[in-house]
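Me: I'm new to reading protein structures. Could you walk me through one, feature by feature?

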Amino acid sequence: MNEVAREKITTGFSIHKSLFEYNPDAIFATQVDGTATQVNESALRMTGYSMAELDRLTFHELVAPEDQVRASEAFEKALRGESHQVEIAMVLRNGVQQDVHVTSIPNIEGGEVVGVLYVVRAIMARKQQEEQLRRNEALYQLINDHAQDVISYSTPDGMLRWISPAIHTLLGWEVEEMVGKYSSAIYHPEDWAAFLDHPPAGDVGIFDCRVQHKEGHYLWFETTVKLIRNDAGEIEKVLGIGRNITLRKQAEDNLRATRDRLESFIENHVDSIIILDPECRILRVNAAFEKMFGWSQAEVAKVLLFDLPLVPPEHEAELETIKDLMLAGEPVIGTEAVRMHRDGTPLDVLLSISPHRDEAGHIAGYSFTIRDITDRKRTEELLLQSEKLNIAGQLAAGVAHEIRNPLTALVGFVQLMQQGMSNPKYLEIMSAELKRIETIVSELLVLSKPQAMTYKPKKLADILQHVVTLIETQAIIHNVQVLPSFDPDELPALECDENQLKQVFINFLQNAIDAMPHGGDIHIEVERTALHEVLIHIRDQGIGIPPERIEKLGEPFYTTKEKGTGLGLMISKRIIDHHNGSMQIDSEVDVGTTISVRLPCFLQGGIV
Ligand code: ADP
Ligand code: MG
């Protein structure tokens, strides 16, 4: 053999050896009788046997029993000089079956088959295929569940390897143009920077960011990032699920705008506003509150509302009622109350309370609106006063007339007595006339007294009788008869401000007289409509009121009289309201008018 030939052989031999030893496939070289002669590293790795163990086994002993026939076929073919391929199962050292693809190749030396080479490659077992299928199914399930979401897998450094078709419907990008790109490329730079500044602490993170549409504009996405690790704990890939939350963001923006509007509404409201948490701690007050009460937001924040001295001590009892209503979740709408400035100045206020409820209907807090009506109250009182004076003026004429009669009588009797004529009858008459003068004058005084609402139990019969006495002279002048048709003993007592109620009835009687320029009758009837309620009717036979005018009644200064004020009905209504009563006007033109006043009363008449 020359040098060149030797060279070729050794080179061929070393190639052969490398191919054998470093082949990724397992190779088993057997002799013609089937016994193993040689295996490579890959064969050891695949089967789990050691070299020593495999030396004692034939290739056929590694083949699963059900595949023996097919393995033999491959062997026979190779012996006949033909290569053959077959898929069979091998039993590994750990007893597990492994599906393998086997190529049997005749080992030919000097033109003669001296053995068989098996090149064995592991193929995925059915089970593994099923596993793969299951994984795919899970992936499709994921896609299905998140059909509206963009799902992606990226490399640990963020390069997109796979992305769901939603990227096209939502953001206009083609799947193909995104795969291979870094997902950060379409994130808004600010949001991406924020994400890098605060990366999620664990393997799962959720963050909101703007993502660019292919057309250039941005949409808000909520992105969930999940790191997927291999068995060794290294990050293998990154799962991303992006959800379009543009609408939600818009709703949030709207909410914020609404909140800002509400905030400015509260802050700039002319009424004081107090907002409480469910435990009645003050959350906030507005500027009007600070001005009205002299307490600043900083001073009252977190303070229990009822610990703040806003209620004058003499009104504390009334506070309990309001508190009870409020805690029961009832709204309080425009109730009159007295509150107090920090410096002790009392304030007449109109108080409203509304409870706030959460979705479940539980109380989530309360808001108080407090309107300062001190000025309005003062005006009302002035009106009350002026109407009273006016009535007093109207009455004065009648009164003067009425007083003149008994005075004339008195003067006459005094002259008679001066002339030495005396008769006990004279004194009796004189005393009666003096009593009459006294009654009229004292009632007149009562009316002109300043108002301080004092509620005391009073007999209704007494009130009505006094009023009748007072108005009678006026009535007689106008040829009007006042006819009380009730039994004084039957009438109950009322919790009332006597002077004010008297003013109400005088107003009604005066109106009734005014309505009968040619005289007539006024009937006063009293009905007991319930245990705790009386209904008083004042019925005249006057000119009546056309229906379209009835609704105008009670408006201040609405009058049809030359010397009228148009205040009587309004003030009367207010006084009745204060007594928790109500009034009603029924009228027919040229037939007459009936004013009905409903008032709460005591069970018995004899309380006083
Ligand atoms: P004034 O008596 O000063 O006009 P009021 O408020 O007492 O003011 O009454 C307002 C108006 O209501 C009267 O001007 C009158 O037109 C009408 N009115 C009130 N009571 C009666 C009545 N009994 N009959 C007819 N009209 C009445
Ligand atoms: Mg009047």
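Here is a short conversation about this model, starting with the whole chain and moving on to its parts.

Me: Where do I begin? How many helices and strands are there in the chain?

Reply: Keep in mind that this is a predicted model. The chain has 18 helices and 22 strands. Of its 608 residues, 38% are buried. The accessible surface comes to about 34800 Å², and carbon and sulfur atoms hold 54% of that.

Me: Let's try a sheet. In which order do the strands of the open, mixed sheet come?

Reply: First, the general idea: strands in a sheet pair through backbone hydrogen bonds, in either a parallel or an antiparallel way. Here, five strands make an open sheet, ordered β17-β19-β20-β22-β21, with mixed pairing. At its edges are β17 (480-484) and β21 (582-588); each has a single partner strand, so one side of each has no neighbour in the sheet. On average, neighbouring strands are turned by 15° against each other, direction ignored.

Me: How many bridges join β21 and β22?

Reply: Seven bridges link β21 to β22 (residues 592-600), and the two strands pair in the antiparallel sense. For one facing pair, find Ile585, which stands opposite Ile595 in β22. Then look for helix α18 (residues 568-578): this helix packs on the sheet and touches β21 and β22, with its direction at about 140° to that of β21.

Me: What should I look at when two helices pack, and at what angle do α16 and α18 cross?

Reply: Packed helices are described by the angle between their axes and by the distance between those axes. In this model, the axes of α16 (residues 498-514) and α18 come within 9 Å and cross at roughly 145°. The crossing of α16 past α18 is left-handed. Residues making the contact include Leu501, Val504 and Phe508 of α16, and Leu569, Ile571 and Ile575 of α18. Sorted by class, this contact has seven nonpolar, six polar and no charged residues.

Me: Now the other five-strand open sheet. Which strands are at its edges?

Reply: The order this time is β7-β6-β10-β9-β8, and the pairing is antiparallel. The edge strands are β7 (160-163) and β8 (204-212), each pairing on one side only. The twist averages 25° from one strand to the next. Between β6 (residues 150-154) and β7 there are three bridges, and Ser154 stands opposite Leu160 in β7.

Me: Which helix lies across β8, β9 and β10?

Reply: That is α9 (residues 246-268), which runs at about 120° to β9.

Me: What about a strand's surroundings? Is β1 mostly covered or mostly uncovered?

Reply: Strand β1 (residues 26-31) is mostly covered, with five of its six residues buried. β1 also pairs with β5 (residues 112-122) in the antiparallel sense, over six bridges. Within that pairing, Gln31 stands opposite Gly115 in β5.

Me: Last topic: backbone angles. What is phi of Cys280 near?

Reply: In general, most residues other than glycine have a negative phi. Phi of Cys280 is near 70°, a positive value. You will find Cys280 in the loop between β11 (272-276) and β12 (282-285). Another positive value belongs to Asn580, whose phi is near 60°. Asn580 is in the loop between α18 and β21.

Me: Are Cys280 and Asn580 buried or exposed?

Reply: Cys280 has a relative accessible area of 7%, and buried means under 20%, so Cys280 is buried. Asn580 reaches 67% relative accessibility; since exposed means over 50%, Asn580 counts as exposed.

How values were computed
Residues are numbered from 1 along each chain as its sequence is written. Chains are lettered from A and ligands numbered from 1 in the order in which they are written. This is a predicted model: local features need pLDDT of at least 70, side-chain atom pairs count only at pLDDT 80 or more; totals for chains, interfaces and linings use all residues. Side-chain values use heavy atoms; hydrogens and water are left out. Helices (H or I, at least four residues) and strands (E, at least two) are DSSP runs, numbered from the N terminus. Buried means under 20% relative accessible area, exposed over 50%, partly exposed in between (1.4 Å probe, protein chains only). Accessible areas come from the Shrake-Rupley method with a 1.4 Å probe; for residues, only the protein chains shown count as cover. Two strands pair if DSSP finds at least two bridges between them. Axes are lines fitted to C-alpha atoms, for helices over the stretch in contact, and angles run from 0 to 180 degrees between N-to-C directions. Contact means heavy atoms within 4.5 Å. A crossing is left-handed if the near helix is turned anticlockwise from the far one by less than a right angle, and right-handed if clockwise. Ala, Val, Leu, Ile, Met, Phe, Trp, Tyr, Cys and Pro count as nonpolar, Asp, Glu, Lys and Arg as charged, and the others, Gly among them, as polar.
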